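Let's take a walk through this structure together. Have a look at it first, and then we'll go from place to place.

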Amino acid sequence: MTTWVETTGDGRGRGPVGIARAWAAVLRRPRRFFTTGVAPGEQAPGLAFAVVVAVVYVAGLLAVQPGLILGTSVVPILGGSTALTMLLVLLVTAVVAAPAGLHLTAAIQTVLLMLTVDDRAGVSETVQVVAYATAPCALTWIPVPAVAAACTLYGAGLLLVGLATVHETSLLRAIVAGLIPAVLVFGVGFRGLWLLAALVG
């Protein structure tokens, strides 16, 4: 999980600049990115990327739509301090929620790939695909339902393209294998189902 292979491929640069380059690359040229930016046995860059996306997303919601998180039955205001509660929410997101969610989703995705793709890449590559597919969701906090929904749909599309590219399978098999994880991550985790329902309704 903590291995960081020293190569020059997109997605493996350290620090803010490396993460920003990976973000731009996966959004602009996803097939090329998934071909060159995902390496066997190298989960650390993907994990760092997913954590940054999740923190940016949650921080954005806290800034412009705090009612979606704070003061709910899930996250009550602690000690009467909104600032302290926000800080704790961001900390839990970075340390617990994002890493746990990424690896749980990758585990489900791996099982589904075992059922649908005979000759596939390893678990670490799957973790990276799920992580990098979340790239558009760094903008899902924007309080415009059409924009936020488009980000979640683009993320789901990136997941399917990434699975097909990294595991060298057809897009149809990738859709079959990736549909449930896509719904979990982008429909539930990033609220895509609610955003789409708001647009339709």
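Start at I175, which sits in helix 7 (residues 171-189); helices here are DSSP runs of H or I with at least four residues, numbered from the N terminus. This is a predicted model, where local features need pLDDT of at least 70, side-chain atom pairs count only at pLDDT 80 or more, and totals for chains, interfaces and linings use all residues. Residues are numbered from 1 along each chain as its sequence is written, and side-chain values use heavy atoms, leaving out hydrogens and water.

So is I175 buried or exposed? Partly exposed, because its relative accessible area is 35% (buried is under 20%, exposed over 50%, partly exposed in between, with a 1.4 Å probe and protein chains only). Between I175 and F34 there are 16 Å from C-alpha to C-alpha, and they're 141 residues apart in sequence.

Next, hop over to A146 in helix 6 (residues 145-166). A146 is also partly exposed, because its relative accessibility is 43%. Its C-alpha lies 8.0 Å from that of L196, though the two are 50 residues apart in sequence.

Last comes helix 4 (residues 82-116), home of V96. With a relative accessible area of 47%, V96 counts as partly exposed. Helix 4 packs against helix 5 (residues 123-133) at an angle of about 120°, the axes being 9 Å apart (axes are lines fitted to C-alpha atoms over the stretch in contact, and angles run from 0 to 180 degrees between N-to-C directions). That's why helix 4 is oblique to helix 5: under 35 degrees is roughly parallel, over 145 roughly antiparallel, 65 to 115 roughly perpendicular, and the rest oblique.

Conventions. Helices (H or I, at least four residues) and strands (E, at least two) are DSSP runs, numbered from the N terminus.
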